[in-house]
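Welcome, and take a moment to turn the model around before reading on. The paragraphs below walk through a few of its local details, one stop at a time.

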Amino acid sequence: MANEIKRDTVDYRDPTPFDNTKLNSLSDISKALRHKTYGEDTREAIAQQGEALAKLMQETGGNQTAEVAAARGKFELLGIREDAQDNAINSLELGKADKNYVDNYLAQLSNAPEYVKDYADLIARYPNGHAGLYVTSDTNKKYFWEDGKWVDKGAYAAQGIGDNYIVPKQVDHINADQIALNEITGINPVPWNDPDKKLAINFDGKYGYFQATSAASDQPDSGILFETTRKSGDYTLYLTDITSTLSKVKVYITDTSGALKLRLGIYFDGGANDATQTISITAKTLEESGFNVGDKYQLLISVGKEEIGGKTVHGFIHLIKDTNSVLTKRPLNLMDHLESIDADLNRNAISRVFKGDYTVDTNLTRWFSERNFEIKDGVVTYWRTGVGEPGPYYQMTKPVATGQTVYVYFEAQKLKGEKTSLNIQFVNTNLFSSTPTDFRVAYQVPVRLSNRWETYLVPVKLDREWFKSDTSTMGAIISVAPTSNEECRAKLRNAALVYGDNNSVELAMLEDIAFNEQIVPELKHGRRKGELLPSGATTSLLPKVHYVSPKTAVVNKDLFLNSITVNVTKAGKINFAVGAVDQNNLMIKSEEFSLDLPTGTRTIELKEDISIPTGNRLFMDCHSQGVLYASPNATEKILIEDEDHLVSNGGYSGYELYESELMAPFSYTVRPQRLPNQIKTVGDKADNNTKKIDMLQNSINVLTSQNGQKYKLVVNNDGSLATVSLQAHKGFFFGNSLTVGLDNYGMAASDEAHSWATLVGNRLKELEPSFTFKRFSGRDAWESKETSKERLDSLNSTVKPELDPDTDLVIIQLTDNVNTPEKRATFPQDAKDLITWFKQQVPKARIVWVATWFGDDLVHYVKEACEERGAIFVDITEYAKDDKYKSALGLKWTDSKGVEHVIDNPGVAAHPGDLGMQMIANKVMGTLGI
């Protein structure tokens with residue numbers, strides 16, 4: 001391999017400037033990265049590489065094959081090209097210094113030295129040595145532990161760094177805050193509120209090192225005052241390598257007289273050992289504290305009067321002007337480039353999403369819970385381990401009215417925790433006072449996150465009870481909040497509160513703005529279903545795998561597929577299905593489609609409306625791929641269907657879905673229906689109502705006798721006419737779990753009296769006291785069969801003996817468990833034959849077919865069969881798509897012995913509840929016309 005990768009040489013031999021007047025080709029950019037002598041030229045090349053990749057994406061329409069071909073240059077693989085760069089970089093000559101010596105020497109360097117009083121103090125602290133760099137305060141000498149002793153290496157920071165002295169392996173990246181100037185210019189020699197100087201303080205401005213020691217007794221509230229001058233822009237305050245025996249460390253902003261202006265926070269609760277804290281100080285914060293550009297102010301690290309007894313705090317303090325520049329040792333990979341480009345584009349997203357007059361507030365002014373967070377390069381990383389809900393507070397600059405909508409815009413990424421959410425809470429600033437009064441929280445909105453950066457826009461309507469206090473002191477906390485006690489961690493950036501006067505702000509809902517498709521109501525349970533594969537995910541061979549799906553289902557109604565992000569290892573046709581999971585953990589498909597996909601990872605935006613009903617998921621058939629994935633960074637579970645889990649349970653047969661820690665090769669997002677299709681849906685409903693009216697107007701074959709009895713006119717096979725009473729006397733209800741479920745009645749009804757079949761039977765008995773009916777399981781006798789012959793044989797052997805010849809009403813309620821390719825293969829014809837079979841057995845019976853609850857992809861076959869063979873079709877799909885008609889986990893049902901049971905199976909809970917059962921019964925009776 002060594003000989004193969006030495007096809008290019010990384011050496012910095014080219015001192016000529018890199019042409020920054022044009023966008024160079026990827027080839028020229030690569031040469032510059034390998035050979036330009038000066039950093040400004042390589043940095044320009046790094047910047048142009050992202051732009052060139054974005055341009056290539058536009059020109060190729062997202063063709064990754066073209067991108068990769070261009071990016072790998074003359075090498076066969078990108079990996080070989082990267083190996084060539086690393087091989088050449090690591091083989092740079094080290095000049096006069098021996099490489100092993102330099103590596104060992106630099107390995108001891110930490111981000112900052114540890115200061116000791118003098119050499120004697122160093123020996124006393126670490127008599128047996130310790131890794132790291134140590135500097136004596138009295139002589140400014142640096143010491144390392146070598147060969148069993150402390151070795152004097154000369155004055156700290158006195159010698160320069162020679163050429164090739166630091167090799168690239170020691171430097172992953174250099175952040176701007178590591179090379180920027182410390183804005184702290186010195187300290188006030190008199191401790192705050194302590195003219196007698198009982199607090200002993202020390203500060204080394206050259207390195208930013210400070211130390212404070214409390215008095216043995218009679219210590220006032222005091223602290224160190226760090227002096228600085230405000231410049232334009234935002235700042236970050238870095239407290240690093242902090243060691244403290246104080247009970248807590250409070251940080252404030254004061255004016256030059258020491259008057260407190262703002263408390264930035266309380267940190268290092270209970271003490272600290274080499275701890276770090278970053279604190280954001282925005283331009284708005286300084287302005288609101290009364291400081292203009294050019295004004296002097298002070299940062300106070302306080303030591304309270306309770307800290308008597310020689311307690312100490314020491315470490316490093318740096319106040320750095322914020323900047324986003326990062327210098328990397330090598331070009332980023334393609335995904336990092338695209339994410340960076342996407343982040344840049346999203347900075348302008350607000351102006352593309354909103355129209356009208358509106359205010360945008362973006363300043364993070366305070367922190368709620370004051371722990372478990374860090375801020376770097378404008379990104380907030382924060383976490384929760386079961387206590388508190390830490391989060392940044394964004395203050396509103398203008399008052400808003402009761403009932404007004406505030407849009408909370410942000411980008412976020414989940415790092416840990418299956419149910420990690422960001423909780424949006426609107427509060428008043430009394431929350432931050434020592435004794436909160438009239439504290440209010442309006443509409444806490446939890447937003448489930450994805451494992452990649454995504455953009456969220458959450459509309460929050462402020463409730464009428466909210467504004468009882470000063471409306472000018474309102475804001476929002478975006479806190480991290482899991483729905484369980486699991487550890488969770490998230491990142492947040494580009495947060496903004498957007499609002500107008502009297503709801504003057506409007507969404508610019510334009511079809512050509514893809515961003516607007518992200519505005520969906522599926523917030524509590526996550527807009528994205530499933531996780532995107534992280535880098536480093538390993539393959540797990542599963543040759544028997546079939547359909548897989550993210551564990552999280554859709555919970556809101558009227559949602560549709562927005563996009564699918566899929567990783568394909570074998571090109572070809574990939575099958576997808578929308579479906580639910582029944583009480584036996586079997587998939588019930590409602591819709592199927594396929595996509596022809598090449599190898600690689602890509603995102604497909606779906607322009608047509610593919611509905612995902614409440615409680616359903618998108619499934620991907622992975623059998624042709626034969627692999628799933630594993631990653632230590634996975635936070636969610638998936639559902640897997642494979643050939644090792646084939647079950648047959650009382651007529652229910654198929655591959656049982658089970659939970660797994662593996663990762664699926666796809667995820668998907670959901671959205672509302674697009675506006676033109678919403679208009680079309682309304683039109684379709686109107687057309688459907690017109691058809692129903694026409695059917696009623698054309699019902700001339702319904703006759704009424706002198707005593708009010710209704711009859712239907714029918715034609716026998718020989719052409720003779722006959723009448724059939726619309727009032728039934730004996731019924732036969734042939735159905736699945738909706739009809740013959742728990743304790744032989746409709747599954748998930750609270751008791752038998754609330755089952756749809758019982759409701760219909762009781763209503764018919766009111767009209768005809770002699771009416772009786774029988775329930776019989778069509779799941780076992782018909783749905784579970786896989787061939788036409790099996791179904792016909794089962795009808796003759798099991799159903800016919802139970803069917804009385806004088807039956808005059810047959811209600812079929814089937815299709816939900818016709819859920820495998822084998823069962824579906826002959827379904828269109830078998831449905832027609834089923835109707836004909838009943839007509840042959842009970843010629844004077846009215847045949848009714850009720851369908852369908854789980855999925856609607858077979859409904860058109862049932863309609864066609866009813867129209868062709870003279871049966872009555874009852875469509876109940878409209879109720880199946882609305883949560884209010886379904887049961888729910890935790891509800892109870894009572895068996896025939898009066899024993900209560902709790903519904904604890906999601907498949908059972910997906911069945912009709914009492915309201916759903918009532919609506920089915922109403923629809924049946926209305927269609928019968930009795």
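Let us begin with D743, keeping in mind that this is a predicted model. With a relative accessibility of 35%, D743 counts as partly exposed, because that label covers values from 20% up to 50%. To find D743, look in the loop between β48 (730–735) and α13. Its backbone deserves a glance too: the phi angle of D743 is near 55 degrees, a positive value in a residue other than glycine.

Now move on to N744. N744 also lies in the loop between β48 and α13. Its phi is near 70 degrees, again positive although the residue is not glycine. Most residues other than glycine have a negative phi. As for surroundings, N744 has a relative accessible area of 45% and is therefore partly exposed.

Follow the chain out of this loop and you come to helix α13, which spans residues 756–767. How do the axes of helix α13 and helix α21 cross? They come within 8 Å of each other and cross at roughly 45 degrees, with α21 covering residues 914–928. The two helices are therefore oblique to each other, since that angle falls between the limit of 35 degrees for roughly parallel and the 65 degrees where roughly perpendicular begins. The crossing of α13 and α21 is right-handed.

Which residues of α13 and α21 make the contact? On the α13 side they are W756, L759, V760, R763 and L764. From α21 come M917, Q918, I920, A921, V924 and M925. Sorted by character, the residues of this contact divide into 9 nonpolar, 1 polar and 1 charged. The charged one is R763, and the polar one is Q918.

Another backbone feature waits at A851 and T852. These two residues are joined by a cis peptide bond, with omega at about -10 degrees. Most peptide bonds are trans. T852 sits in the loop between β51 (846–851) and α18 (859–869).

Finally, consider the cysteines C488 and C622. Are they buried or exposed? C488 has a relative accessibility of 0%, so it counts as buried. C622 is buried as well, with a relative accessible area of 0%. A disulfide is a covalent bond between the sulfur atoms of two cysteines. A search of the whole structure turns up 0 disulfides.

Terms used:
Residues are numbered from 1 along each chain as its sequence is written. This is a predicted model: local features need pLDDT of at least 70, side-chain atom pairs count only at pLDDT 80 or more; totals for chains, interfaces and linings use all residues. Side-chain values use heavy atoms; hydrogens and water are left out. Axes are lines fitted to C-alpha atoms, for helices over the stretch in contact, and angles run from 0 to 180 degrees between N-to-C directions. Helices (H or I, at least four residues) and strands (E, at least two) are DSSP runs, numbered from the N terminus. Angles under 35 degrees count as roughly parallel, over 145 as roughly antiparallel, 65 to 115 as roughly perpendicular and the rest as oblique. A crossing is left-handed if the near helix is turned anticlockwise from the far one by less than a right angle, and right-handed if clockwise. Contact means heavy atoms within 4.5 Å. Buried means under 20% relative accessible area, exposed over 50%, partly exposed in between (1.4 Å probe, protein chains only). A disulfide is a pair of cysteine sulfur atoms within 2.5 Å.
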